[in-house]
Amino acid sequence: MLKQESPELLQLIQDFEAKLTELKDELDPLMHMVRNGIIPKGKGSRYLQTKYHLYLNYCTNISFYLVLKSKRIPVQGHPVIERLVAYRNLINDLGIVDEKLSSEVQWLLNELHNTERNDVGGKKQSTMLLQRTVNKNKPKSVPKISTVEAAAKEPRDDSDLDEEAALKFYREMEEKMKLKRKRREDQNAMEEELVLEEDPNKKRGITYQIAKNKGLTPKRKKIDRNPRVKHREKFRRAKIRRKGQVREVRKEEQRYGGELSGIRAGVKKSIKLK
């Protein structure tokens with residue numbers, strides 16, 4: 001039933017887990033190296049920060065999508081789908097650069113782990129030791145900028161099929177949205193052509209006044225159309241006016257304690273004798 005309602009849900013969950021694992025195991029340590037100054041500022045560090053924030057935004061949008069699904073809110077046509085497709089396309093564009101820099105990234109991570117294992121002192125000592133190791137044992141075949149442009153290589157063993165399935169789903173959603181926009185544009189264009197191509201000699205449609213053909217009849221209120229309803233409303237208004245002239249007889253159920261609404265001193269209801 002879940003696969004029939006939303007087949008993309010399981011693929012998104014698997015993609016979410018894979019991206020979070022990559023963030024935790026690879027991108028987060030590299031970002032710590034950027035903040036500590038081990039990886040110097042430049043194009044590579046900016047690229048690394050961009051990829052880090054891109055992954056975070058992608059996971060945030062997947063979380064929002066899961067919240068909508070948990071509340072049984074329909075997500076078809078929701079803006080979060082377009083965001084997921086856009087982020088997925090950006091991540092796929094970074095895949096070519098990730099493959100080129102995977103060996104260098106792996107070397108940086110290995111040096112970081114080895115330094116943390118061998119170092120028994122504090123964080124400052126491990127940072128200094130790692131910086132010396134990086135500067136001393138930096139591979140010659142890799143240029144300086146590429147050292148900074150490193151990003152974590154995505155695991156290719158178990159998540160390849162999930163990545164392909166998710167990518168296929170995103171492409172299908174993107175094609176559906178393009179077709180929807182195209183249909184809407186075609187429909188608007190057809191309506192404009194119909195308006196422009198209207199025959200001036202064509203007979204116009206009749207109006208309500210022509211269809212009823214009442215002739216010269218005076219305009220009356222709706223209440224005046226039915227005499228019974230008119231007299232009933234007239235009687236109702238007269239009863240309201242009567243209450244201001246003659247008070248209704250009230251039975252004394254308890255001792256009189258004065259008027260609840262108060263007595264207006266300026267009101268005179270007596271009749272002057274002539």
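In this predicted model, Glu-233 forms a salt bridge with Arg-236, and the closest N and O atoms of the two side chains are 2.5 Å apart. Because the two residues stand three residues apart in helix H9, which spans residues 227-245, Glu-233 and Arg-236 are separated by about one helical turn. Glu-233 has a relative accessible area of 22% and is therefore partly exposed, since the buried class ends under 20%. Arg-236 likewise counts as partly exposed, at 41% relative accessibility.

The structure holds seven salt bridges, and three of them are set out below.

| Pair | N to O distance | Burial |
|---|---|---|
| Glu-233 and Arg-236 | 2.5 Å | Glu-233 partly exposed, 22%; Arg-236 partly exposed, 41% |
| Asp-15 and Lys-19 | 3.2 Å | both buried |
| Arg-88 and Asp-15 | 3.2 Å | both buried |

Side chains of opposite charge can pair when their charged atoms come close. Asp-15 appears in two of these rows, pairing with Lys-19 and with Arg-88, and the three residues Asp-15, Lys-19 and Arg-88 are linked in a network of salt bridges. Within that network, Asp-15 and Lys-19 both belong to helix H2 and lie four residues apart, about one turn of the helix. The contact between Arg-88 and Asp-15 has another setting: Arg-88 lies in helix H4 and Asp-15 in helix H2, so this pair ties together parts that are 73 residues apart in sequence. Asp-15 and Lys-19 are buried, as is Arg-88.

Helix H2, which covers residues 8-35, also contains Ile-13. Together with Leu-2 and Leu-10, Ile-13 forms a nonpolar patch on the surface, and the three residues have about 210 Å² of accessible area together. Ile-13 itself is partly exposed, with a relative accessible area of 30%.

Turning to the empty space in the model, rolling a probe the size of a water molecule over the atoms shows where such space is left. The largest pocket holds about 720 Å³ of space. Its lining consists of 29 residues, and those that lie nearest the centre of the pocket are Val-75, Gln-76, Gly-77, Ile-81 and Met-173. By class, the lining is made up of 13 nonpolar, five polar and 11 charged residues. Several helices contribute to this lining, with H1 (2-5), H2, H3 (43-70), H4 (79-118) and H7 (159-196) each supplying at least two residues. Of these contributions, the largest share is that of H7, which provides 10 residues of the lining.

As for the chain as a whole, the secondary structure comes to nine helices and zero strands, and the order read along the sequence follows the pattern α-α-α-α-α-α-α-α-α. The chain has 274 residues, of which buried residues make up 28%.

One backbone detail concerns a loop rather than a helix: Asn-213 lies between helix H8 (208-212) and H9. The phi angle of Asn-213 is near 55 degrees, a positive value in a residue other than glycine. Asn-213 has a relative accessible area of 64%, and because the exposed class begins over 50%, this residue is exposed. The loop that holds Asn-213 leads to H9, the helix in which Glu-233 and Arg-236 lie.

Notes. Residues numbered from 1 in each chain as written. Predicted model: local features only at pLDDT ≥ 70, side-chain atom pairs only at ≥ 80, totals over all residues. Heavy atoms only, no water. Patch = residues over 30% accessible without salt bridge, like charges linked within 9 Å, V, L, I, M, F, W, Y side chains within 5 Å. Areas by Shrake-Rupley, 256 points an atom, 1.4 Å probe, with all protein chains shown as cover. Salt bridge = Lys/Arg side-chain N within 4 Å of Asp/Glu carboxyl O. Buried < 20%, exposed > 50% of the residue type's maximum accessible area, 1.4 Å probe, protein only. 1 Å grid on protein atoms, 1.4 Å probe; cavity = no way out; pocket = protein on both sides within 12 Å on 5 of 7 lines; lining within 4 Å. Points joined across faces, edges and corners; volume = space filled by probe spheres on them. Nonpolar A, V, L, I, M, F, W, Y, C, P; charged D, E, K, R; others polar.
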